[in-house]
Amino acid sequence: MPGPLVLGRNITKAYRAGSREVEILHGVSMAVEPGEMCAVMGPSGSGKSTLLYTLAGLELPSTGTVQLLGRDTTALSRAALARLRRCEVGFVFQAYNLVPTLTAFENVALPARLRGEKPPTETIRHALALVGLEGFEETRPVVMSGGEQQRVALARVIAQRPRIVFADEPTGALDTHSGAVVLDALRQIAHRPDQCVLTVTHDPVVAAQCDRVLFLHDGYLARELTSPSAAEVAALLTDLAVTGTGASS
Ligand SMILES: Nc1ncnc2c1ncn2[C@@H]1O[C@H](COP(=O)(O)OP(=O)(O)OP(=O)(O)O)[C@@H](O)[C@H]1O
Ligand SMILES: [Mg+2]
């Protein structure tokens, strides 16, 4: 299917705080194309996670539209949206969606189970081994570190092979080696022709390994860089922090 896998048009997102509405995203438009790995960067509180949740169909935009695989998330029924997420979308969020009563193996097998399939044991074991969790098959997430839990979520995405992967700081809680493993796995997913990855990161080295880097500032898309170096990313982040626009770079 031609066209972007993820498309946001003029997304605003507001939350109710007491009697007031607070707008977090102020009209963000962006797309992620097949075969692309994109990063979202920006200061804490700039709306990165909110944008990711909205683009992933976990939240609906207040105004504007989001299309996943060409389908408008606001036009789908709750059930249809849940089905679309279950079949086509993978999540690597640290605190998101691991089932505490299931083992690591069962968590990785869950998306296939929810579709009524029985995934081959080898596929699950292989995915866990790829993220360095060989021997953790029978371990439950509650006794795992944050980084280990995040790697279970990644193994689930590797076993599931969804078309679209959303990751929120996937390397944030990891040591250098585990971070490199995770990043490599995400890059391999993204660079299949009909798949893509959108990841939030604070790390210029991670961003520099993406095809495109989007910079959010106070809920606005401030800048975009294509195939930047880590130094260029760091320079623009500093600039944005100082000027708020990155205009001097
Ligand atoms: N469910 C919610 N209800 C009310 N306000 C929210 C909600 N979720 C996020 N916010 C607010 O929206 C703003 C942006 O939050 P968000 O989590 O998107 O930031 P972020 O860029 O991901 O930050 P960080 O880098 O710290 O993770 C924050 O001020 C936050 O308090
Ligand atoms: Mg966040």
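This briefing covers the ligand site, a buried strand and its neighbours, one helix and one sheet.

The model is predicted. Ligand 1 is surrounded by residues that include Ser44, Lys48 and His202. Strand β8 has all 5 of its 5 residues buried, so the rest of the structure largely encloses it. Elsewhere, an open sheet of 4 strands pairs in the antiparallel sense.

**The ligand site**

- The shell around ligand 1 consists of Tyr15, Ile24, Pro43, Ser44, Gly45, Ser46, Gly47, Lys48, Ser49, Thr50 and His202.
- By class, this shell has 7 polar residues, 3 nonpolar ones and 1 charged one.
- Helix α1, which spans residues 48–55, gives the largest share of the shell, with 3 residues.
- The side chain of Ser44 has an N or O atom 2.6 Å from an oxygen atom of ligand 1.
- Lys48 places a polar side-chain atom 2.7 Å from an oxygen atom of ligand 1.
- Gly45 takes part through its backbone: a polar backbone atom there is 2.8 Å from an oxygen atom of the ligand.
- On its own, ligand 1 has 640 Å² of accessible area, and the protein covers 57% of that.

**Strand β8**

- Strand β8 covers residues 196–200.
- Both faces of β8 are covered.
- On one side lie Cys196, Leu198 and Val200, and these are buried.
- On the other side lie Val197 and Thr199, which are also buried.
- Strand β3, residues 37–41, runs parallel to β8 and is joined to it by 4 bridges.
- Within that pairing, Met37 has Val197 of β8 as its bridge partner.
- Strand β7, residues 164–168, also pairs with β8 in the parallel sense, over 5 bridges.
- There, Ala167 is matched with Thr199 of β8 as its bridge partner.

**Gln195, in the loop before β8**

- Gln195 sits in the loop that links α6 (176–190) to β8 (196–200).
- Gln195 counts as buried because its relative accessibility is 6%, and the cut-off for buried is under 20%.
- A polar atom of the Gln195 side chain lies 3.5 Å from the backbone oxygen of Ile189.
- Leaving aside neighbours within four places in sequence, Gln195 is in contact with Leu5, Glu33, Pro34, Gly35 and Glu36, among others.
- Its further contacts include Arg161, Pro162, Arg163, Ile189 and Ala190.

**Helix α3**

- Helix α3 spans residues 104–114.
- Its buried residues are Ala104, Phe105, Asn107, Val108, Ala109, Pro111 and Ala112.
- These buried residues pack against two helices, α4 (121–130) and α5 (146–160).
- Gly116 follows α3 and has a positive phi, near 85°.

**The open sheet**

- The strand order in this 4-strand sheet is β2-β1-β4-β5.
- Its edge strands are β2 (20–32) and β5 (71–72), each of which pairs on one side only.
- Strand β1, residues 6–17, runs antiparallel to β2, and 10 bridges join the two.
- One of the matched positions is Gly8, whose bridge partner in β2 is Met30.

Methods: Residues numbered from 1 in each chain as written. Chains lettered and ligands numbered in written order. Predicted model: local features only at pLDDT ≥ 70, side-chain atom pairs only at ≥ 80, totals over all residues. Heavy atoms only, no water. Near = heavy atom within 4 Å. Polar contact = N/O pair within 3.5 Å; in protein donor to acceptor, adjacent residues only side chain to side chain. Areas by Shrake-Rupley, 256 points an atom, 1.4 Å probe, with all protein chains shown as cover. Nonpolar A, V, L, I, M, F, W, Y, C, P; charged D, E, K, R; others polar. Buried < 20%, exposed > 50% of the residue type's maximum accessible area, 1.4 Å probe, protein only. Contact = heavy atoms within 4.5 Å. Pairing = 2+ DSSP bridges.
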